[in-house]
Each structure stands twice: as C-alpha cells, then as structure tokens.
Amino acid sequence: MQVEGLNIHPLKSGRAIPLETATVRIDGLAGDRRYMIVEPDGRFITQRELQALARVEATAVGESLHLEMDGRQLFASFEPEDRLDVVIWDTPVNAAVADPAVNEALSEWFARPVKLVHMDAQAHRAEGEAWAGAAAPVGFADGFPVLVTTTGSLADLNATLSAKGQEPVGMDRFRTNILVSSDEPWAEDLWETIEVGGVVFDLVKPCSRCIMTTQDQTTGERIGGNPIQGLAEKRMSADRRVPGVLFGWNAVPRSEGEIRLGDPVRVTKTRAERWPMKVRG
C-alpha cells in the first residue's frame with residue numbers, strides 16, 4: 001500500500017488543495033483548515049448550510065489568505081490583536097478575525113453577513129480525549145487532525161451506487177487528507193496504527209458522514225450519486241457513540257515529519273475486531 005493522494009483544505013469547507021508533499025504536525029497537516037467562515041456572532045459555517053463554500057479556492061500566503069470565487073478575488077490579512085471568540089460545534093476558540101473591509105466583501109459574496117477567522121499561533125483547540133487517550137491539538141477540522149481513507153473502500157461504495165442505478169462519486173466528496181491505495185475494501189477498519197514516511201498515526205475513531213458528501217465539490221450542488229444512500233447498505237454504525245453512516249477514519253499524528261505521494265503505508269498495529277455495523281434485513 002502507498003499514499004495515493006494528499007490534500008489540505010486551507011479554508012474549512014473550501015476547495016481541497018492537492019499536494020505532492022505534506023508536512024505533518026501534531027495538530028494535523030500544515031495548512032489544513034486554519035481559516036473558517038463564521039456567523040457575525042462567531043458560530044462556524046460549513047457547506048452544510050452554505051453550499052457556495054465549495055466554490056471558494058483559498059491559498060495561504062504566510063499568515064494571510066488569498067481567496068477566489070467565481071472570478072472574484074480577495075486578499076485577507078490578520079492582525080494578532082484583532083480577535084473574535086468563535087464556536088466550532090461546542091468548542092470555543094479565540095481566533096484572529098479579518099478586518100471589516102474583508103468581512104464586508106465576503107458578506108457580499110455569500111449574500112449574508114459573515115466573518116473570516118484564522119487559527120493563528122495564539123489560538124488553541126484540543127479535541128477527542130475520549131478516543132485519543134488525551135485531547136489532541138487540532139485546527140478547525142470537525143473533530144480530529146487527520147482523515148484517512150482508502151481507494152478500495154471508495155471502489156466498493158461506487159459498486160453499491162452502480163447497483164442502485166446511481167453515478168459513481170469521487171474521493172473529493174469525503175474531503176480526505178491521506179488517501180491510501182488498497183485493494184481490500186474497508187481494510188482500514190482493522191488498522192489501529194499506521195506509519196507513513198516515518199510518521200506515526202493512530203486511527204482513533206471512524207468518521208460519520210453528513211449531507212456534504214452529496215454535494216459536488218466544484219459547484220456545491222447536490223447532484224450525482226448519493227454516498228449516504230450507498231453507505232447505508234452496509235456501513236450504518238451499530239455503535240451509538242458514532243451514529244450514522246461511516247466512511248474513513250479520524251487519525252491523530254503521534255510524530256511529525258514529511259510525507260509524500262507514493263510513500264509506503266505500513267500497518268504497525270491492528271484491531272481485534274471491526275467496528276460493528278447494522279445488518280439490513
């Protein structure tokens with residue numbers, strides 16, 4: 001097995017940026033989900049309620065951010081002393097906030113009042129203590145620093161969609177960080193620890209999937225195959241701790257370094273049992 005794909009998403013819910021080499025830090029891949037669009041009161045916003053975020057390409061330039069959407073461009077910078085208390089799920093984070101002119105322009109882009117915030121060096125967030133053994137540092141990702149998926153599992157899902165008369169979907173629907181080439185579908189359910197390019201990752205919790213997987217990651221439209229319906233055939237969690245359909249595993253880096261496309265992926269520790277799934281009768 002080897003690394004088939006590497007991606008970061010500088011802006012939470014914005015477009016993925018494919019990489020050939022990624023720097024792994026304890027809080028995830030460098031540059032991943034360090035910026036976020038929020039309500040004026042600081043509540044986080046994703047593609048779930050603002051589908052147009054899929055059309056935003058964000059590129060970090062130092063501590064600034066270049067944004068492009070539908071031919072419009074914006075360059076946002078941040079002053080460390082300008083801050084906003086934001087909330088991602090139930091977690092408060094004191095983040096740097098873009099200046100009023102930038103927020104006004106973004107509000108015009110999205111036709112609703114919004115602000116742009118940055119997880120800078122002064123901002124701190126840690127999650128997943130119940131799963132990771134200790135709370136793991138993380139940026140603006142939903143809950144864990146890294147998401148790992150496999151080609152074999154996507155192929156199996158697409159076979160299910162095809163049998164249902166639906167179009168296949170791409171891995172971009174799942175907004176993965178590390179895509180592993182594997183012929184065996186759902187092999188990752190048994191991986192407890194993997195090593196990639198000398199960097200160790202613990203796979204600590206399966207990832208439940210939401211309506212975002214039904215959205216085209218270029219346009220934001222809810223079109224094409226429906227992964228939720230496909231996954232419901234045999235990937236419906238039977239464990240109440242993680243309800244819903246599952247695809248991919250949330251991972252926590254246990255060391256730092258660089259990983260590259262083509263790096264071998266070695267499973268160094270396995271689980272005795274797979275995650276329990278409901279059986280459709």
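**Reading cavities and strands**

Modeller: Start with the second largest cavity: its volume is about 30 Å³. The model is predicted, so local features need pLDDT of at least 70 and side-chain atom pairs pLDDT 80 or more, while totals for chains, interfaces and linings use all residues. Residues are numbered from 1 along each chain as its sequence is written, and side-chain values use heavy atoms, without hydrogens and water.

Biologist: How many cavities of 30 Å³ or more does a search of the whole structure find?

Modeller: Rolling a probe the size of a water molecule over the atoms shows where empty space is left. Here a cavity is a set of points, on a 1 Å grid over the protein atoms alone, where a 1.4 Å probe fits but cannot get out. Lining residues have an atom within 4 Å of a point. Points are joined across faces, edges and corners; volume is the space filled by probe spheres set on them. The search finds two such cavities. The largest holds about 50 Å³.

Biologist: Which residues line the second largest cavity?

Modeller: Leu11, Ile37, Leu53, Val56, Leu67, Leu106, Trp109 and Phe110. Helix H1 (residues 100-110) gives the most, three residues. Helices (H or I, at least four residues) and strands (E, at least two) are DSSP runs, numbered from the N terminus.

Biologist: By class, what is in each lining?

Modeller: Ala, Val, Leu, Ile, Met, Phe, Trp, Tyr, Cys and Pro count as nonpolar; Asp, Glu, Lys and Arg as charged; the others, Gly among them, as polar. The second largest cavity has eight nonpolar, no polar and no charged lining residues. The largest has four nonpolar, two polar and five charged. Its lining includes Arg25, Asp27, Asp32, Arg33 and Arg34.

Biologist: What is the order of the open sheet of three strands?

Modeller: Strands of a sheet pair through backbone hydrogen bonds, either parallel or antiparallel. Two strands pair if DSSP finds at least two bridges between them. The order is S4-S3-S19, with antiparallel pairing. Strands S4 (28-29) and S19 (257-260) are the edges, each pairing on one side only. S3 (residues 21-25) meets S4 over two bridges. Val24 stands opposite Leu29 in S4.

Biologist: Is Glu127 buried or exposed?

Modeller: Buried means under 20% relative accessible area, exposed over 50%, partly exposed in between (1.4 Å probe, protein chains only). Glu127 counts as buried because its relative accessibility is 18%. Glu127 sits in strand S12 (residues 126-127).

Note on methods. 1 Å grid on protein atoms, 1.4 Å probe; cavity = no way out; pocket = protein on both sides within 12 Å on 5 of 7 lines; lining within 4 Å.
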